[in-house]
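Colleague: Could you walk me through this fold? I have the sequence and the coordinates open, and I'd like to start with how the helices pack.

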Amino acid sequence: MTESDTLQPGRIALVTGASSGLGLATADGLLDSGLKVIFAARNQERLERLCAERGPNALAFSLDVTDGAAVAGLLDALPETWREIDVLVANAGSDVGGRQRFDEGAVADWSSTIETNVNGVVRVCHAVIPGMLARGRGHVVTIGSIAGLSTYAGGVIYSASKYAVRAFTEGLRKDYKQDPIRITEILPGLVRTGFAAARFGGDQDKAAEFYDSFPAALTPEDIAAATLFALEQPQHVNIAQIVVTPTGDK
């Protein structure tokens, strides 16, 4: 296979939601591939600790994707030598208050999910893609979900947000089909992370019970591997979508 133009040592990647779970595993995978990686998330203290452990090619960057002004100014806020972003992994997501019937949930929680999962992805892509176009290279990866392929009871808003991510990503691919950037969506099935605990207000026991109710679950590293697979393809190959589910999941 022809060597990827994207995974060149010293190229720069930005990963949102990089303080834990899928984002952290993906950021680590990119570091291992020789890239310089911007670990972006809201928890600056945790980010700084993680990046200090990983060396000079890891940069802690406080970013709340629901803050429009902060995302719009993210390039100016980065150190000058970290602004030429070749890989964007739009991973930050939320399902706070999820897994309950629509009328029993709080509108504030539903709005927050949409704000993070949809508007956050739109904002980050809008901030980064112009630079990719100007340089004539780049790869955008959005982290969707199988909830964007099929709805389920108790997941009305989360599914709606992930259907939107799927449509947005497909639209981006068509907008830029004549341009030298690639657009990929990764659609994971069940992944055992801290996501469920966040959904349930930090209730670790309820989160463990939720994951244990399924016969199998993926790991964050499984999704990171799928992302790296898409990135490592030669430039003339664009992996449009990768659906990843646990073995035996129907």
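Colleague: Which hand does the crossing of helix 1 and helix 9 have?

Modeller: Helix 1 passes helix 9 in a right-handed crossing, and please keep in mind throughout that this is a predicted model. The two axes come within 8 Å and cross at roughly 45 degrees, which makes helix 1 oblique to helix 9.

Colleague: And which residues meet there?

Modeller: On the helix 1 side they are Gly21, Leu22, Ala25, Thr26, Gly29 and Leu30, and on the helix 9 side they are Pro220, Glu221, Ile223, Ala224, Thr227, Leu228 and Leu231.

Colleague: What about helix 1 and helix 2, at what angle do they cross?

Modeller: Their axes cross at roughly 25 degrees and come within 12 Å. Because angles under 35 degrees count as roughly parallel, helix 1 is described as roughly parallel to helix 2. The contact joins Leu24, Asp28 and Leu31 of helix 1 to Arg46, Leu50 and Arg54 of helix 2, and the crossing is right-handed.

Colleague: OK, on to the sheet. What is the strand order?

Modeller: It is an open sheet of 7 strands in the order 3-2-1-4-5-6-7, with parallel pairing. Strand 3 (58–62) and strand 7 (241–244) are the edge strands, each pairing on one side only. Neighbouring strands are turned by 15 degrees against each other on average, with direction ignored.

Colleague: How many bridges join strand 1 to strand 4?

Modeller: There are 4 bridges between strand 1 (residues 12–16) and strand 4 (residues 85–90), and these strands run parallel. If you want a pair to look at, Ala13 has Val87 of strand 4 as its bridge partner. Helix 5 (residues 107–135) packs on the sheet in this region, where it touches strand 1, strand 4 and strand 5, and its direction makes about 160 degrees with that of strand 4.

Colleague: Which strands does helix 1 lie across?

Modeller: Helix 1 (residues 21–32) lies across strands 1 to 6, and it runs at about 165 degrees to strand 2 (36–41).

Colleague: Back to the edge: which side chains of strand 7 are buried?

Modeller: Ile242 and Val244 point to one face and are buried, while Gln241 and Val243 point to the other face and are not. That fits the general pattern, since in a regular strand the side chains alternate between the two faces of the sheet. Strand 7 pairs with strand 6 in the parallel sense over 4 bridges, and Val244 is the bridge partner of Pro188.

Colleague: Changing topic to cysteines, how many disulfides are there?

Modeller: A search of the whole structure finds 0 disulfides. As for individual cysteines, Cys51 is buried, with a relative accessible area of 5%, and Cys125 is also buried, at 1%.

Colleague: And the loops? Is Pro56 buried or exposed?

Modeller: Pro56, in the loop between helix 2 (44–54) and strand 3, has a relative accessible area of 73%, so it counts as exposed. Pro56 is 39 residues from Asp95 in sequence, and their C-alpha atoms are 33 Å apart in space.

Colleague: Where is Arg99, and what is its phi?

Modeller: Arg99 is placed in the loop between strand 4 and helix 5, and its phi is near 60 degrees, a positive value in a residue other than glycine. For context, most residues other than glycine have a negative phi. With 34% relative accessibility, Arg99 counts as partly exposed.

Technical notes
Residues are numbered from 1 along each chain as its sequence is written. This is a predicted model: local features need pLDDT of at least 70, side-chain atom pairs count only at pLDDT 80 or more; totals for chains, interfaces and linings use all residues. Side-chain values use heavy atoms; hydrogens and water are left out. A disulfide is a pair of cysteine sulfur atoms within 2.5 Å. Buried means under 20% relative accessible area, exposed over 50%, partly exposed in between (1.4 Å probe, protein chains only). Two strands pair if DSSP finds at least two bridges between them. Helices (H or I, at least four residues) and strands (E, at least two) are DSSP runs, numbered from the N terminus. Axes are lines fitted to C-alpha atoms, for helices over the stretch in contact, and angles run from 0 to 180 degrees between N-to-C directions. Contact means heavy atoms within 4.5 Å. Angles under 35 degrees count as roughly parallel, over 145 as roughly antiparallel, 65 to 115 as roughly perpendicular and the rest as oblique. A crossing is left-handed if the near helix is turned anticlockwise from the far one by less than a right angle, and right-handed if clockwise.
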